[in-house]
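Please look over the sequence and the structure below. The report that follows takes up symmetry, contacts, confidence and backbone geometry in turn.

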2 protein chains.
Amino acid sequence: MTLSQLRTFALVARLGSLRAAAAALGISEPAVSSAVAALRAELRDPLFTRSPTGITLTPGGRALAERAGEMVGLAEATRRDVAHAGASESELRVLATAAFAEHAAGRVFDLFGKARSGAVDVIVEAADDVATLLRERAYDIALGARPALAASTGLELVPFFKYQRIMVASARHPLAAVRGPVPIGRLLSVPWFAGPGSFEPSTEEGRWFGRLPALPEIVELTSETDALAAVAGGEGVMLALRHVAGRRVAEAGSGSEGAGGADLVRLPVADTPITGMWWATMLDGGRAPAEARLLQRFVTTAGATAAMVSPTGSRGLSRRGNKFHVALWS
Amino acid sequence: MTLSQLRTFALVARLGSLRAAAAALGISEPAVSSAVAALRAELRDPLFTRSPTGITLTPGGRALAERAGEMVGLAEATRRDVAHAGASESELRVLATAAFAEHAAGRVFDLFGKARSGAVDVIVEAADDVATLLRERAYDIALGARPALAASTGLELVPFFKYQRIMVASARHPLAAVRGPVPIGRLLSVPWFAGPGSFEPSTEEGRWFGRLPALPEIVELTSETDALAAVAGGEGVMLALRHVAGRRVAEAGSGSEGAGGADLVRLPVADTPITGMWWATMLDGGRAPAEARLLQRFVTTAGATAAMVSPTGSRGLSRRGNKFHVALWS
DNA sequence: CATCGACATAAGCGAAGGGTTATCAGGCTG
DNA sequence: CAGCCTGATAACCCTTCGCTTATGTCGATG
């Protein structure tokens, strides 16, 4: 039982195919097959059987697949631990949902870096299957939407920020003139602007979206800021964060359109505002690194909350492709 | 970084010596040295340095030592998981302090086996350094004295039984005739009988013992039952479990000696009865096997408590050397 | 029936892993 | 200073790992 064999098997189990695993690893298919054969012989378990639809794991194979990823992750965490032991700075790998990364990450991590004595490197990435990534220690902590309850055994979840989303449109948009609640039918007939990953079913707005009677046309831009700008140009509607859009928004149908320089209006839509929560999630029971625990405590402080709602821009957050890299200093 | 290398390094770190580790593994010393050298090269860390008194770990070495045992244990737990996956019975490795093993284990596990649908194999052993053994998954659950608080991160502790210890002597013993509290000086001048490991500092009675002004002569027999028999023979005193000795005990100095067939008396000693607690300890956060969690819940039930105080003898508990092997069926 | 897609097996090869014995290098200790 | 204990190195061996290419087997599909 080698770490390399376990890594290979974990990939096979995840992809459900030897060929696919071989392709992903950039090696030939017999290499994968022989790694699996070695595990089979050592554990005296076929691990999986060929079936019409790919492969199906035996009970033993399922047990091994669960553990394999964990062991490989532990090995890599150990490498990092040894490398950083004794050094004052450490690296913290943070997983964040898109909205948190865009609107809060910069200021929060800037403040976190100032509060810490040692330097902290924070890498923010977007990804799915948060629970698995945490369990396999690919990341130390996740900030944003709550992972599915079923997947959260072994994880510690702490809520740290309550947000609301409201439907907004340009003050000049036809829908802004509607008196009273906006009919869902009319709302669904105009394009909806959004940032990346806005309607993930793990979020409250995602579940709200799933309950709609029909799907509108979604225009997904690269950020919610861009989406809000497009909406301000009169091109459609958007489900915006209330504390972000708030300063530019007047209530529609209240006779105060255009007052105070507001260029956006809130559309009164049924079941809005949508209230959601951001959670800090990490391994439980002393398995999370100390820095992750510090960050988890930090985001629940009043100072961090104030930073998240503050209107001033991000600092120290540079965006590269689909990743945000935050270099913090103290 | 191989599991074998990690196993070797963990042993070196624990024993503080390459030679000792080599002897323990039954291999030559250069074999150990080269395993360590491989880790050194791969992790780019000296891991330890030679010092006048054996070796001293570097920060990186300390980090590795912590993880190494965990990884090896996880690997072996995985082997067991795969072997038992799909089978209805599973094996549960239980660590127990001597007093629990002698007075409660048999009946508790007997009852636990009956309550379970599948068969359960339980192996009870005595050992020290409970926290490490649990963390490295050498055992699934520990029943008895509470591990030191400092060592309990990552562990889940649940109290399940409150016991008391009282000082007893034969009704014919000279100390039984003393009126009022027994002077500590006189108590210390007679032999104290005890079972194995009776004064472990992790137990409440151990701490009480540590606070005594001087040490009495301790006669450690192979079981508390034997010790109690010796005391009944008039040979000395003993700190006995109240619910075990209770039926044979009259209160000394109360004028009721010999009443009701009691052949033992309780000596009124300062700070007695000593009240202690048995704890069920296991890995926290979903890392403990399901069977361990079931047992942890089971021991806190009223039925389990009733079995522990019941006067009827053990069942299904066969003692072999220093180990108890309990084969349970349903 | 022929073919194709996907896993298994065989043969072979270089590189580590894991072990040995023999020898060297330092720091205590008598 | 001589010995001694302990770890590091060297030289060597054999096994296993991890990879390749070539070929076999089996079921689904046209």
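Which residue of chain A comes closest to the rotation axis? Gly285(A) does, with its C-alpha at 2.9 Å. Keep in mind that this is a predicted model.

**Symmetry and the chain interface**

Two copies of a chain are related by a rotation about an axis and a shift along it. Here, chain A is superposed on chain B by a rotation of 180° with 0.0 Å of shift along the axis. The RMSD of that superposition is 0.1 Å. This is the relation of a two-fold axis.

How many residues of chain A are in contact with chain B? There are 26 in chain A, and they meet 26 residues of chain B. Helix α4 (residues 59-84) of chain A gives the largest share of the side that touches chain B, with 14 residues. By class, that side of chain A has 11 nonpolar, seven polar and eight charged residues. Of the interface residues of chain A, 100% are also interface residues in chain B, so the copies meet through the same surface.

**Domains and annotated spans**

The domain assignment splits chain A into domain 1 (3-83) and domain 2 (90-330). Seven residues of domain 1 of chain A contact four residues of domain 2 of chain A. On the domain 1 side, the touching residues are three nonpolar, two polar and two charged.

UniProt, in an unreviewed entry, places "domain: HTH lysR-type" at residues 1-58 of chain A. In the model this span is 62% helix and 10% strand. Its end C-alpha atoms are 18 Å apart.

UniProt also lists "signal peptide" (unreviewed entry) for residues 1-22 of chain A. That span is 82% helix and 0% strand in the model. The end C-alpha atoms of residues 1-22 of chain A lie 19 Å apart.

**The two DNA strands**

Both chains supply residues to the surfaces near the DNA. Around DNA strand C there are 23 residues. Pro30(A), Ser4(B), Ser28(B), Pro30(B) and Pro52(B) come nearest to strand C. Around DNA strand D there are 22 residues. The nearest to strand D are Ser4(A), Ser28(A), Pro30(A), Arg19(B) and Pro30(B).

Which elements build these surfaces? Near strand D, two or more residues each come from α1 (3-15) and α3 (29-43) of chain A, and from α2 (18-25) and α3 (29-43) of chain B. Near strand C, α2 (18-25) and α3 of chain A each supply at least two residues, as do α1 (3-15) and α3 of chain B. The most comes from α3(A), which gives six residues to the surface near strand C.

The classes of these residues are set out here.

| Surface | Nonpolar | Polar | Charged |
|---|---|---|---|
| Near DNA strand C | 11 residues | nine residues | three residues |
| Near DNA strand D | 11 residues | nine residues | two residues |

**Backbone geometry**

Most residues other than glycine have a negative phi, and most peptide bonds are trans. Arg44(A) is not a glycine, yet its phi is positive, at about 55°. Arg44(A) sits in the loop between α3 and β1 (48-50) of chain A.

Where is the cis peptide bond of chain A? It runs from Thr272(A) to Pro273(A), with omega near 0°. Pro273(A) is in the loop between β11 (264-267) and β12 (274-283) of chain A. In chain B, a cis peptide bond joins Thr272(B) and Pro273(B), with omega about 0°. Pro273(B) lies in the loop between β11 (264-267) and β12 (274-283) of chain B.

**Confidence**

The average pLDDT of chain A is 84, and 87% of the residues score at least 70. Over residues 255-259 of chain A, the pLDDT is below 50. This stretch has eight contacts in the model beyond near neighbours in sequence. Residues 318-324 of chain A also stay under 50. For residues 318-324, the model has nine contacts beyond four places in sequence. Where pLDDT is low, the predicted coordinates should not be read in detail.

Definitions and conventions
Residues are numbered from 1 along each chain as its sequence is written. Chains are lettered from A and ligands numbered from 1 in the order in which they are written. This is a predicted model: local features need pLDDT of at least 70, side-chain atom pairs count only at pLDDT 80 or more; totals for chains, interfaces and linings use all residues. A residue is near a molecule or strand if its C-beta atom, placed from the backbone, lies within 6 Å of it. Helices (H or I, at least four residues) and strands (E, at least two) are DSSP runs, numbered from the N terminus. Ala, Val, Leu, Ile, Met, Phe, Trp, Tyr, Cys and Pro count as nonpolar, Asp, Glu, Lys and Arg as charged, and the others, Gly among them, as polar. Domain bounds come from an automatic or database domain assignment. Two residues are in contact if their C-beta atoms, placed from the backbone, lie within 7 Å. UniProt positions are given in the numbering used here, feature names are shortened, and annotations may be inferred rather than shown by experiment. Copies are superposed by least squares on the C-alpha atoms of residues with pLDDT of at least 70 in both. pLDDT is the predictor's confidence in each residue, from 0 to 100.
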